[in-house]
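Biologist: I would like a close look at one part of this model, taken slowly enough for a first-year student to follow. Could you choose one charged residue, describe its surroundings, and then turn to the salt bridges elsewhere?

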Amino acid sequence: MSRRTGSALRALGILAGLATATLAAAAGQLRATAGVDRSELAQDETLTLELRVEARESPAVSLPTAGLDFDVVSRAQSSQTSVDLSGGGLHIRRVLVYQLVLAPRRTGALTIPPIEVTAGGERTTTDPIAIQVLPPGSGGGGAPPAGPGRPAAPGGLRGLAPPGGSGGSWHGWERDLRLSVEVDRAELFLGDQLTASVWLLSPVPVLAYEGYRPPLYDGFWAEELETPRSLTFEVRRVGGVPVRAYLLQRIALFPTRAGRLELGAFQADVVVRLAPQSPFDPFPDVQRVSRRSAPIAVAARALPPGAPPGFSSSDVGAIALGAALSDRSAAVGQPVTVRLTAEGEGNVKSWSPPPLPTVAGLRAFAPTTSDRLAPRGGRLAGARTVETVIVADAPGTYTVPPISWPTFDPRAGAYRVLRTAPLTLEVRPAAPGSAPAPAAPGENRVVAGLRPIRAEGALERRRPPPWDHPAFPLLVALPALGYAALRIGERLRERR
């Protein structure tokens, strides 16, 4: 055996022993610790639970849902792998950090139960965490002290060390990135407008949002007011921290039933760009995370008693009613359109204007309805127009009486009966020869007016099809014969 071969075998033996020692050292290294950014908060606030797992294989995390007094608003995950050559060996450590934004369901002394983590046949659990929840609006914000051996992590999370043992790779944007829904009121009348604005608050630039999923809007009639085509932001200060506020959507919601309603959670998948941490790392990190907003409770009050006769609960809003004729004078048999227009703010598509009253001597046809939406100032506005065609059978003066429509004005909190002005139509006799003669009893003018497409025309014998002509095969073969003649001519020229 040569010296080179022996040295190579010894080197392989050393590497194999080092790998075996590394794997043996990696076994039994499953560790899991959990911490929160605050131990005291109000019920309308959220806290961030962070779970730090060190494992050789991909772990499975089980958050107990039975008896959990918190709603999971959003989740985020990051990982880091570190290599340590100290201590006479190669030590590879993989750290996974899970962040969950939790919203308390009730007030009082709550507990986050232990979280079970399993990886590679190993199992461990974290310690329970006590949380004190105060009534809404009281503003919690306390934080537990950092105990011995559990230093405070950068970004305000206590009881948890940053991944890898240093704060250089820690990103504080996970806690401040959230999906927020703002409503203009918490209590309103049935059928009145609730304006909800969905904001994405981020301390880092947002490249895109995907998978935007609104709730089912149970108990609401929803109409879109605004959806920006591009991601633009305004700077806000949330808790003293400047963040970018991106408007994702603004919606008009109209309660369809009285009582306590809940606007469910909105969800979105967000792609963010992290700034480089040093001039030597010019390529920023791009990460994809999911965010979920907290549900919002809304109280819809029933309309007050004493509604006028004929009132419908969908006719709510600041509405004006008007009526007009397409022509003030017409001949007998000439159609005229009566336009009844309801215009104002409210759920335009749900309004039900009254039908046209019956007028002796005028025939009315089935009405047609059209809507025009024109949101203004965060309020849904527009007009609903009902058009009815009328025809007079005899000359004279006809009057369409005033039309009454009971509605409810939520601004004034009172019922109103809208009325239109009377409409006058002058009908003159038809010009001689312009109007058809009256139909005889039992005569069907539609059938009598039907005529064949060709009332007159000479008949001729059908000709034979073109492929039965004797010259048809010659015409079909003519292109092939011409091509063959060209090829023969080229061959002759080549031989010459």
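Modeller:

**Arg384 and the salt bridges**

In this predicted model, the side chains of Arg384 and Asp371 are joined by a polar contact of 2.7 Å. The side chain of Arg384 also reaches a backbone atom, namely the oxygen of Trp351, at 2.8 Å. Arg384 belongs to strand E27, which covers residues 381-392. With a relative accessible area of 14%, Arg384 counts as buried, because the cut-off for that word is under 20%. Leaving aside residues up to four places away in sequence, Arg384 touches a list of residues that includes Leu340, Thr341, Ala342, Val348 and Lys349, and also Pro353, Thr369 and Ser370. Both Trp351 and Asp371 appear among these contacts as well.

From this one residue we can turn to charged pairs, of which a search of the whole structure finds 26 that qualify as salt bridges. One of them joins the side chains of Arg185 and Asp192, with 2.9 Å from N to O. Arg185 is partly exposed at a relative accessible area of 26%, whereas Asp192 is buried at 9%. This pair is also part of a network of salt bridges, in which Arg185 and Asp192 are linked with Asp184, Glu345, Arg376, Arg379 and Arg411.

Another salt bridge brings together the side chains of Glu210 and Arg288, at 2.5 Å from N to O. Here the pair links distant parts of the chain, since Glu210 lies in strand E14 (residues 206-213) and Arg288 in strand E20 (residues 286-292), 78 residues apart. Glu210 is partly exposed, with a relative accessible area of 38%, while Arg288 counts as exposed at 56% relative accessibility.

A further example is the salt bridge between Asp409 and Arg416, in which the closest N and O atoms are 3.3 Å apart. Asp409 is buried, with a relative accessible area of 11%, and its partner Arg416 is partly exposed, with a value of 41%.

For contrast, consider the nonpolar residues. The largest nonpolar core has 28 residues, and Leu200, Leu253, Leu263 and Phe266 are those with the most contacts inside it. Among the elements that give two or more residues to this core are strand E13 (194-202), strand E17 (241-255) and strand E18 (259-263). A second, separate core has 25 residues, including Ala34, Leu51, Phe70 and Val117.

How values were computed: Residues are numbered from 1 along each chain as its sequence is written. This is a predicted model: local features need pLDDT of at least 70, side-chain atom pairs count only at pLDDT 80 or more; totals for chains, interfaces and linings use all residues. Side-chain values use heavy atoms; hydrogens and water are left out. A nonpolar core is a set of buried Ala, Val, Leu, Ile, Met, Phe, Trp, Tyr and Cys residues joined through side-chain atoms within 4.5 Å. Buried means under 20% relative accessible area, exposed over 50%, partly exposed in between (1.4 Å probe, protein chains only). Helices (H or I, at least four residues) and strands (E, at least two) are DSSP runs, numbered from the N terminus. A polar contact is a pair of N or O atoms within 3.5 Å; within protein, one must be able to donate a hydrogen and the other to accept it, and residues adjacent in sequence count only if both atoms are side-chain atoms. Contact means heavy atoms within 4.5 Å. A salt bridge is a side-chain nitrogen of Lys or Arg within 4 Å of a carboxyl oxygen of Asp or Glu.
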